[in-house]
Amino acid sequence: RESCAAWNKLTPKAPLSLTMALSYAWLLAHPLPKERPYCIVHGDFGSHNMLVRDGRLAAVVDWELAYIGDPADDLAQVRMLLLPGVMEWKDFVREYVAAGGDPRACDEQAVAWFCVSLMIKHGLFNLNMRTTFLRGERTDVGAASLITHYNERICQYQARALTIAMNTTA
């Protein structure tokens, strides 16, 4: 709810407004049950934070966003950013559980919830950067690139997250 208020406060006609509105509506209509598993969550789990040696994962780095929370948060990042084009979600879940992962962490509804939430966070970050850039508080090429190119990517990811979410509730 706070994120939604922040989004609406920045600008009611923001880029991504339709997908963001649909995402907020879906999250609010499908709250997570209170009794979910919890563990240390990395918070930014992706290939950019993995070190590989001899074709095997050697370390996961960059833990400043870590917190105690729902493992579905990290699994949503895996589903959204690592698996497409590499491995089917059902195959990942099978391997994850076989390796000792908690099957409750892979709950379709919870992972979908975090997929949508993840893209909301990225959309809000992008909108904040856009607002900062348009006010003239940032004028660098990096900021300009982020609010243009990255905006299109967020739209694509947001659509993917909403598709996952809608397929879990069909």
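**Close-up views of a predicted model**

**Figure 1. A salt bridge joins R79 and E108 in this predicted model.** E108 has a relative accessible area of 36%, so this residue is classed as partly exposed. Its partner, R79, has a relative accessibility of 17% and is therefore classed as buried, since the limit for a buried residue is under 20%. The side chains of the two residues meet with a nitrogen-to-oxygen distance of 3.3 Å. This pair connects distant parts of the chain, because R79 belongs to helix 3 and E108 to helix 5, with their positions 29 residues apart in the numbering. Side chains of opposite charge can pair when their charged atoms come close.

**Figure 2. K90, D91, R94 and E95 are linked in a network of salt bridges.** Within this group, K90 pairs with D91, and their closest N and O atoms are 3.6 Å apart. K90 is classed as exposed because its relative accessible area is 59%. The structure as a whole contains 8 salt bridges.

**Figure 3. R138 and D140 form a salt bridge.** The closest N and O atoms of this pair lie 2.7 Å apart. R138 is partly exposed, at 33% relative accessibility, and D140 is also partly exposed, at 30%.

**Figure 4. The largest pocket encloses about 390 Å³ of space.** Its lining consists of 17 residues, and those nearest the centre are F45, M50, L57, V78 and F92. Strand 1, helix 3 (72–82) and helix 4 (89–98) each give two or more residues to this lining. Helix 3 gives the most, with 4 residues. Sorted by class, the lining of the largest pocket has 15 nonpolar residues, 1 polar residue and 1 charged residue.

**Figure 5. The second largest pocket holds about 310 Å³ of space.** Among the 15 residues that line the second largest pocket, G43, D44, Q77, L118 and H122 are the closest to its centre. Helix 3 and helix 5 (108–134) each supply at least two residues of this lining, and helix 3 gives the most, with 4 residues. By class, the lining of the second largest pocket comprises 6 nonpolar, 6 polar and 3 charged residues.

**Figure 6. A nonpolar patch on the surface is formed by Y38, I40, W63 and I68.** Together, these residues have about 520 Å² of accessible area. One of them, I40, is located in strand 1, which covers residues 39–41. I40 counts as exposed because its relative accessibility is 57%, and the class of exposed residues begins at values over 50%.

Note on methods:
Residues are numbered from 1 along each chain as its sequence is written. This is a predicted model: local features need pLDDT of at least 70, side-chain atom pairs count only at pLDDT 80 or more; totals for chains, interfaces and linings use all residues. Side-chain values use heavy atoms; hydrogens and water are left out. Patches are made of residues with over 30% relative accessible area and no salt bridge: like charges are joined within 9 Å, nonpolar side chains (Val, Leu, Ile, Met, Phe, Trp, Tyr) within 5 Å. Accessible areas come from the Shrake-Rupley method with a 1.4 Å probe; for residues, only the protein chains shown count as cover. A salt bridge is a side-chain nitrogen of Lys or Arg within 4 Å of a carboxyl oxygen of Asp or Glu. Buried means under 20% relative accessible area, exposed over 50%, partly exposed in between (1.4 Å probe, protein chains only). On a 1 Å grid over the protein atoms alone, a cavity is a set of points where a 1.4 Å probe fits but cannot get out, and a pocket is an open set with protein on both sides within 12 Å along at least five of seven lines; lining residues have an atom within 4 Å of a point. Grid points are joined across faces, edges and corners, and a volume is the space filled by probe spheres set on the points. Ala, Val, Leu, Ile, Met, Phe, Trp, Tyr, Cys and Pro count as nonpolar, Asp, Glu, Lys and Arg as charged, and the others, Gly among them, as polar.
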